[in-house]
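User: I have a new structure open and don't know where to start. Can you walk me through it?

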Amino acid sequence: MSCRNVLITGCSSGIGLALAVHLARDELRRFRVVATMRDLGRRGELETRAGTALGHTLEIRQLDVDCEESVRRCVEAIPQQRVDVLVSNAGRGLVGPLELQSVEAARRLLDTNVLGLLRLVRQVLPDMKRRRSGHVVVMSSVLGLQGLLFNDLYCASKFAVEGFCESLALQALKFGVHISLIEPGPVATEFERKLYEEAATLDLSGLDPETRELFQGFYLPYSREVFAALAQSPAEVAEHTARVITSESPPFRSQTNSLYAPLATLKHADTSGHLPLAAFQRLIFQHDRLFKASLSLLKLLQWRKRRDMDHTKTP
């Protein structure tokens, strides 16, 4: 079985780190992983977790998706510039009332999440098309399918990613190239933790009282409850992504958390868009006790699912 070159961005922590280690330590040695990050000063945890795979099935390189030259240099350093699997994982987050978000912050977000993906794909797609083989795996989000309160700009970036990939997939398949969108819900990572820590310290003095209370008194506590109930570990998302990469017929869309499946179903059930908006509004603002009870049930289901998976893995 041939060894595939896998280029992964955003590997200093979280999902990117977990996936890089998972693939590099593959028992069948099917992958040669090029794990990249913007700041090589943060490579310590990846080196430790990689263990004996470091220098054999895993190498670490610098790559900043915001810089086209950085992307080009990294790909050109790979033997024959051959990328069999590209995993676009690097990204930014942005949470908070729209009135507090600067245009510059929005530019940075879109530059990384949308144009960063564009830079990567532009660099590797021509060779994939020439070889009529390749797989582009993009870390999207369920927030690329459904908007969420106070995540306006982040959702915009992920909606753009989804549209970009859906359009490109039509051409890519003609050349034997697969594109897969991975759509996690909440994931317990350093990225997420820092994002919500920053959100909790925003200066809200310029907001109207009702919006301030909605964000501070409702959204932030609500987010903590959702994360406590539904958050996956980076390892869970990495395992799911690895299954997509090794699939003989990779799916175009793949949600890592089955508890979010009704989200997409509800959205497509009503083309006017009224049904999902009304359902979420009532559930969150009018039936908050039912919502919290539902989270408790979902938390139990998640615990049982993980327990069963752990038992399955136990020899």
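Analyst: What follows covers the sheet, the helices on it and the buried parts. This is a predicted model, in which local features need pLDDT of at least 70 and side-chain atom pairs count only at pLDDT 80 or more, while totals for chains, interfaces and linings use all residues. Residues are numbered from 1 along each chain as its sequence is written, and side-chain values use heavy atoms, with hydrogens and water left out.

User: OK. What order do the strands of the sheet have?

Analyst: The order is β3-β2-β1-β4-β5-β6-β7, in an open sheet of seven strands with parallel pairing. Strands (E, at least two residues) and helices (H or I, at least four) are DSSP runs numbered from the N terminus; two strands pair if DSSP finds at least two bridges between them.

User: Which are the edge strands?

Analyst: β3 (58-62) and β7 (253-255), each of which pairs on one side only.

User: And how many bridges join β5 to β6?

Analyst: Six, between residues 134-139 and residues 177-183, and the two strands run parallel. One of the partnerships is Val136 with Ile179 in β6.

User: Which strands does helix α4 touch?

Analyst: Helix α4 (residues 103-131) packs on the sheet against β4 (85-88), β5 and β6, at about 170° to the direction of β4. Angles run from 0 to 180 degrees between N-to-C directions, with axes being lines fitted to C-alpha atoms, for helices over the stretch in contact. Contact means heavy atoms within 4.5 Å. Helix α5 (residues 152-174) lies across β5, β6 and β7.

User: Switching topic: which element gives the most to the largest nonpolar core?

Analyst: That is α1, with eight residues. The core has 31 residues, and among those touching the most other members are Ile8, Ala20 and Leu23. A nonpolar core is a set of buried Ala, Val, Leu, Ile, Met, Phe, Trp, Tyr and Cys residues joined through side-chain atoms within 4.5 Å. Buried means under 20% relative accessible area, exposed over 50% and partly exposed in between (1.4 Å probe, protein chains only).

User: Why is α1 called largely enclosed?

Analyst: Because nine of its eleven residues are buried. Leu17 is one of them, with a relative accessible area of 1%.

User: What does Leu17 touch?

Analyst: Leaving out residues up to four places away in sequence, Leu17 touches Gly10, Cys11, Ser12, Glu45, Leu46 and Arg49. Glu47 is 30 residues from Leu17 in sequence, and their C-alpha atoms are 9.7 Å apart.
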